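Welcome, and please open your viewer before reading on. We will go from stop to stop, selecting a few things at a time.

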Amino acid sequence: MSKVVVIDPGHGLPDPGACGNGLQEHERAFYLAQLVQNVLTRHGVTVFLTRNGERSLSSATSLRANKNEDLAARQRFSNSKATDFFLSLHMNASSESTANGYETLCYSQNRQIEALHTAVKEFLQQYGLKDRGIKIRTNLAVLKVKAKAALLECFFITNPKEAALMKDGAFLLDLAEAIGKGVLAAIGIAYVPIKKPAAPQPIQPKGAQQLMKAEDANKVIRILQDRWNAATCQDERKEIGRLADEVRVAAGMKKVNS
């Protein structure tokens, strides 16, 4: 039987979560969750999202009641599945725009949590992003599920540099690969990198095939240059120039004479 992972995109309207630099946490978390889902399903993992739209799992009009009901619904959803791993995706915020970095929150630290955090850490090191480490948070209701659970705080939405990364589609694809790699390690499945298409090779236009080596062409051109210098009329020089360009084309070089 395939492994089961529940991905929990944080928040959901009417609670947008953290906001800053033109971004809302609930929207970015949902987008990233879908990307991670693609990575896991590519490896045969059964994936469920706690929410599949922009709204929370509660219809309560009071924001406080809505959040409480929403969290309880997420717990019930995960516990109703044969969940092997529960992953909640969030973005951080601060009153200080310089606050930065990523961290992994968990109810209790274990090998699975460490595998996830390490995979994300190894990817983000190339961007010079601060590792805020693994932190125990026994007060987080969303982590109180039967399965092993982790909450990723993916940077600070209030930090301009980190918010710019969360707007970058190519970066998010690579981040999702790193998160997916970490989840796979946590549930004991080997990660297989996605095959990216090879860069296309330049195609020479017809008639531009290289018929002689550049070093041989340069030898001929030097001889023709001597002939050009010794020529006594303009017509002869034009003909020598034409011949030199034909040699250049045969060697895959650019013409010099018009």
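In which helix is the place of asparagine 66? Select residues 63-79 and you have the answer: this is helix H2, and asparagine 66 sits in it. Keep in mind as you look around that the model is predicted.

**Stop 1: asparagine 66**

Show asparagine 66 as sticks and turn on the surface. Is this residue buried or exposed? Asparagine 66 is buried, because its relative accessible area is 2%, under the 20% cut-off for that label. Now add serine 58 to your selection: the side chain of asparagine 66 reaches the backbone oxygen of serine 58 at 3.3 Å. To see the surroundings, also show Pro14, Ser56, Ser59 and Ala60; together with Ser58, they are the residues that asparagine 66 touches when those up to four places away in sequence are not counted.

**Stop 2: strand E6**

Next, select residues 102-106, which make up strand E6. How many of the 5 residues here are buried? The count is 5 of the 5, so strand E6 is largely enclosed by the rest of the structure. Turn the strand to look at each face: Tyr102, Thr104 and Cys106 are on one side, Glu103 and Leu105 are on the other, and all are buried.

**Stop 3: the neighbours of E6**

Keep E6 displayed and add residues 131-136, strand E7. The two strands run parallel and are joined by 4 bridges. To get from E6 to E7, follow the chain through helix H3, residues 111-124; this β-α-β crossover is right-handed.

Then add strand E8, residues 148-156. E8 pairs with E6 in the antiparallel sense, over 4 bridges.

Which residues does leucine 105 meet in these strands? In E7, its bridge partner is lysine 135, while in E8 leucine 105 stands opposite leucine 151.

**Stop 4: the whole chain**

Finally, zoom out and colour by secondary structure. You should find 7 helices and 8 strands in the chain. The radius of gyration is 30 Å, well over the 18 Å that the globule rule gives for 258 residues, so the chain is more spread out than a compact globule. Along its principal axes, the C-alpha trace spans about 100 × 45 × 30 Å.

Of the 258 residues, 42% count as buried. With the surface on, you are looking at about 14200 Å² of accessible area, 52% of which belongs to carbon and sulfur atoms.

Conventions: Residues are numbered from 1 along each chain as its sequence is written. This is a predicted model: local features need pLDDT of at least 70, side-chain atom pairs count only at pLDDT 80 or more; totals for chains, interfaces and linings use all residues. Side-chain values use heavy atoms; hydrogens and water are left out. Buried means under 20% relative accessible area, exposed over 50%, partly exposed in between (1.4 Å probe, protein chains only). Two strands pair if DSSP finds at least two bridges between them. A crossover is right-handed if, with the strands pointing away from the viewer, the path from the first strand over the helix to the second runs clockwise. The radius of gyration is taken over C-alpha atoms; the globule rule is 2.2 Å times the number of residues to the power 0.38. Accessible areas come from the Shrake-Rupley method with a 1.4 Å probe; for residues, only the protein chains shown count as cover. A polar contact is a pair of N or O atoms within 3.5 Å; within protein, one must be able to donate a hydrogen and the other to accept it, and residues adjacent in sequence count only if both atoms are side-chain atoms. Contact means heavy atoms within 4.5 Å.
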